[in-house]
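Q: I have a structure to read. Can you walk me through its features one at a time?

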Amino acid sequence: MLKSVAAFERIGEENAFAVLARATELAARGRDIINLGIGQPDFRTPDHIVEAAVKALRDGHHGYTPATGILALREAVAADLDRRFRVTVDPGLVMIVPGGKVTMFMAILMFGEPGAEILYPDPGFPIYRSMIEFTGATPVPVPIREENGFAFSAAETLSLITPRTRLLILNSPANPTGGVTPKPEIDALVAGLAAHPDVAILSDEIYGQMTFDGLAHQTLLAYPEIRDRLILLDGWSKTYAMTGWRLGYSIWPKRLHDLARKLAVNSYSCVNAAAQYAGIAALEGPQDAVRDMVAEFDRRRAVVVEGLNALPGISCATPKGAFYAFPNVSRTGWKAKALASALLEEAGVAVIGGPDFGVHGEGYIRLSYANSTENIRRALERMGEFLTAKA
Ligand code: PLP
């Protein structure tokens, strides 16, 4: 096979999309499917944000924008980060991208090459590993353990760094576990990274506004000592229920920002202009829709966790962030992927098997509680009936 094609053969996928396709197919055949598989808020984008996009179109914003995004949006991002975390960010280092994924795509392309090692969370967002393998770099999983509250362990993460490590990918609050890495652990990690000045950091903070129990999100931007090698990934998809708009942003060190700009120029040119105006309205407008959505996720979290813990063979730690529960199903007698598949085919409940998020995901399934409380209750009931019938 041609070498370049062989690299593409290594690209992986997000199985959540395959599960969604199968769930849709079953529903089209008349089956009643409850979808707890997909990782997107079940809310509409708030009206004032939609109106801003409509207005931008009416006002004639129909052309290209700068590849890095319109200045007013980059300034709004910097102002938002200042408001939320009291950190100063140069709008010139902000890059507006078509969705959070594009930042990881660019960052992994920049650092991945044969011989390089890239550390990534396992279980974790499947695209990290897929992209690392595409570049020919060696993926080095950082185990994310239930007994550690699904947080990164600073000591274990640092122990995996070698002279070949080029990039460390962090994600808190996390997909698929809902884990939030506590500040002292992040402090220790950053302190340890001082001994490894050649290791860049990609911090995926896309769920940064979705924390519970009064936990404050700890951004990696708050550590000036790593700013010259930190890439921050965030966006509008989850916070403002805008997954279909394809709008994200990243903050880059200066030398990398220009490379990211060139990658944009060589591929998508810029993010669609109306979506960028919507992004400004999202950041500068009222934030109550975000608060209401997070409060609703919090209520559903209680229902999911209590319901799962009442099921035979299942135990579920309380997630601290995002909108996922990651119950331990190892005592059900099922392998996780087989259980996920049987739940969809036989019980009409779509969930994702933990192994789709990495080898350390065996023994777990992921449920997204971005669905109505009523549907969540019905799904739990079906799961209970299914497990009891198969016991
Ligand atoms: N990072 C994580 C951890 C995610 O879970 C997701 C989406 O599910 C993304 C990034 C990508 O977000 P976007 O839809 O903005 O590309």
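The dialogue below takes confidence, domains, core, ligand shell and one loop residue in turn.

Q: Where do I start, and what is the average pLDDT of the protein chain?
A: Start with confidence. This is a predicted model. The protein chain averages a pLDDT of 96. A score of at least 70 is reached by 99% of the residues. For the model as a whole, ipTM is 0.99 and pTM is 0.97.

Q: Next, the domains. Which residues does the domain assignment give to each?
A: Look at the ranges, then at the spacing. Domain 1 takes 3–44 + 288–390, and domain 2 takes 63–284. Their C-alpha centres lie 25 Å apart.

Q: How many residues of each domain are in contact with the other?
A: Count both sides. Domain 1 puts 36 residues in contact with 35 residues of domain 2. Then ask which elements supply them. On the domain 1 side, helix 11 (288–309) and strand 9 (324–325) are the elements that give two or more residues. Helix 11 has the largest share of that side, with six residues. Sort that side by class as well: 17 residues are nonpolar, ten polar and nine charged.

Q: Now the largest nonpolar core. Which of its residues touch the most other members?
A: Find the hubs of the network. The core holds 118 residues, and I231 and V349 touch the most other members. Helix 10 (residues 273–284) provides the largest share, seven residues.

Q: Why does this core lie between domain 1 and domain 2?
A: Check who contributes. Both domain 1 (3–44 + 288–390) and domain 2 (63–284) give residues to this core, so it lies between them.

Q: Take V349. What is it in contact with, leaving aside neighbours within four places in sequence?
A: List the partners. V349 is in contact with I34, L36, L343, L344, A379, R382 and M383.

Q: On to the ligand. Which residues around it come nearest?
A: Read the shell by distance, then by class. There are 13 residues around the ligand, and G99, G100, K101, N175 and S237 come nearest. By class, nine of the shell residues are polar, two are nonpolar and two are charged.

Q: Last, S153. Where does it lie?
A: Place it between its flanking elements. S153 sits in the loop between strand 4 (138–143) and helix 7 (154–159).

Q: Why does S153 count as partly exposed?
A: Count neighbours. S153 has 19 other C-beta atoms within 10 Å. Buried needs 20 or more, and exposed means 12 or fewer, so a count in between is partly exposed.

Q: How many residues apart in sequence are S153 and E185?
A: Compare sequence with space. S153 and E185 are 32 residues apart in sequence, yet 6.7 Å apart in space, C-alpha to C-alpha.

Notes: Residues numbered from 1 in each chain as written. Predicted model: local features only at pLDDT ≥ 70, side-chain atom pairs only at ≥ 80, totals over all residues. Near = placed C-beta within 6 Å. Nonpolar A, V, L, I, M, F, W, Y, C, P; charged D, E, K, R; others polar. pLDDT = per-residue confidence, 0-100. Core = buried A, V, L, I, M, F, W, Y, C linked by C-beta atoms within 7 Å. Helix = DSSP H or I, 4+ residues; strand = E, 2+ residues; numbered from the N terminus. Domains from an automatic or database assignment. Contact = placed C-beta atoms within 7 Å.
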